[in-house]
Amino acid sequence: MNSSVTKTLLALLLALKKLEIPLSEDEQALLQDVGQQLALDPDYWEFIEPELIIIIQANSTLHQLFEAIKVKLDALDGRIPRELLPSLAYLEKELFGETKEIITFDGQTKGEPNNQPNPVISLTSSILRLSNQDHTVKQLPFIQEISNYVENYRYFNTYFVNPDDACEGLRHHITVPPSEPLIHGQTYLLLVDISPERKGIESEPTPFPDQALAQVWNDSESLPLDLVVASKDFNIDTTFKKLTLPRSGASDSVPGFLTSAKKLLR
């Protein structure tokens, strides 16, 4: 789910959910037109998107919410579990109280074609064609589940700093850029944190497996985690430290593991 259309439409639905000032009748009518276009010509996204963006930009509050959520979806890089999206049959029942014989992305109805559109397009089209779209999305449980996932998604970040740069405290450290080589024999601090912000030395982000801890939170607002570091490329003074993980948001950076490179790295 990493396409431009998917992220744009999900950002719109999540922004509508957060919108506190109701849409005007004119705004509702414009979004209904977009919903109709998505239903009739889902492959014409390159023509539909500019019109949709103009509608969003005309509402400053909606636009701010949309852009903030879009940044988070871009950072997720498409990593939204498919199971968070309901089938179209489920959505029809939620919206209209009845189920029509339609295609779901969980399987094909007998005799129907296989070239079904992106499921996010189908879901968004069904919602936008209604009036009071902002009110509608607030009533849909799956929108809340996706919102929770996007807001609470976190990364396991590791990065190096020079000890001298961290003398004023870890909050004022200067990270060694990933492009800068680590010098043989020079001492570095390896910092670790868990955060909604993607950062660190890895070219590919490392998602933090929050779901693995789902059964141990209970009523706690934070969890103590043990961090163990091992490497064949570095000498490490201490391989074990503690990290306190809040239920949501960013942890503090663990006080640095003091390391020195055994050879020129990167």
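Asn132 is partly exposed, with a relative accessible area of 38%. Here, buried means under 20% relative accessible area, exposed means over 50%, and partly exposed lies in between (1.4 Å probe, protein chains only). This is a predicted model, where local features need pLDDT of at least 70, side-chain atom pairs count only at pLDDT 80 or more, and totals for chains, interfaces and linings use all residues. Residues are numbered from 1 along each chain as its sequence is written, and side-chain values use heavy atoms, with hydrogens and water left out.

**The whole chain**

- The protein chain holds 8 helices and 6 strands. Helices (H or I, at least four residues) and strands (E, at least two) are DSSP runs, numbered from the N terminus.
- Along the sequence, the pattern reads α-α-α-α-α-α-α-α-β-β-β-β-β-β.
- The chain has 266 residues, and 41% of them are buried.
- About 14,800 Å² of the protein chain is exposed, and carbon and sulfur atoms supply 50% of that area. Accessible areas come from the Shrake-Rupley method with a 1.4 Å probe; for residues, only the protein chains shown count as cover.
- Take the contacts between residues at least 6 apart in sequence: 72% of them join residues at least 24 apart. Contact means heavy atoms within 4.5 Å.

**Helix α6 and its partners**

- Helix α1 (residues 4-18) and helix α6 (residues 119-128) have axes that come within 10 Å and cross at roughly 35°. Axes are lines fitted to C-alpha atoms, for helices over the stretch in contact, and angles run from 0 to 180 degrees between N-to-C directions.
- The α1 and α6 crossing is left-handed. That term applies if the near helix is turned anticlockwise from the far one by less than a right angle; clockwise makes a crossing right-handed.
- On the α1 side, the residues that meet α6 include Leu9, Leu13 and Leu16; on the α6 side, Val120 and Ile127 are among those that meet α1.
- The residues of this α1 and α6 contact divide into 10 nonpolar, 2 polar and no charged. Ala, Val, Leu, Ile, Met, Phe, Trp, Tyr, Cys and Pro count as nonpolar, Asp, Glu, Lys and Arg as charged, and the others, Gly among them, as polar.
- Helix α2 (residues 25-40) also packs with α6, at an angle of about 140° and with the axes 8 Å apart. This crossing of α2 and α6 is left-handed.
- Leu31, Gln32, Val34, Gly35, Leu38 and Ala39 in α2 meet four α6 residues: Ile121, Thr124, Ser125 and Leu128. The contact of α2 with α6 has 6 nonpolar residues, 4 polar and no charged.

**The four-strand sheet**

- An open sheet of 4 strands runs in the order β1-β2-β6-β4, with antiparallel pairing. Two strands pair if DSSP finds at least two bridges between them.
- Its edge strands are β1 and β4 (234-236), and each pairs on one side only.
- Neighbouring strands in this sheet are turned by 35° against each other on average, direction ignored.
- Strand β1 (residues 155-161) is joined to β2 by 7 bridges, and the two run antiparallel. Phe156 stands opposite Ile194 in β2.
- Another 4 bridges join β2 to strand β6 (residues 257-261), again antiparallel. Thr187 has Ser260 in β6 as its bridge partner.
- Strand β2 (residues 187-195) is largely enclosed by the rest of the structure, because 8 of its 9 residues are buried.

**Asp193, inside strand β2**

- Asp193 lies in strand β2. Its relative accessibility is 2%, so Asp193 counts as buried.
- Leaving aside neighbours within four places in sequence, the contacts of Asp193 include Tyr155, Phe156, Lys199, Leu243 and Ser253.
- Arg154 is 39 residues from Asp193 along the chain, and their C-alpha atoms are separated by 9.9 Å.

**Loop residues**

- Pro86 sits in the loop between α4 (60-76) and α5 (88-96). Pro86 is buried, at a relative accessible area of 9%.
- Between the C-alpha atoms of Pro86 and Val120 there are 9.7 Å, with their positions 34 residues apart along the chain.
- Asn132 belongs to the loop between α6 and α7 (133-138). Asn132 has a positive phi of about 55°, although it is not a glycine.
- Asn218 is found in the loop between β2 and β3 (222-228). Asn218 has a phi near 50°, a positive value in a residue other than glycine. With a relative accessible area of 65%, Asn218 is exposed.
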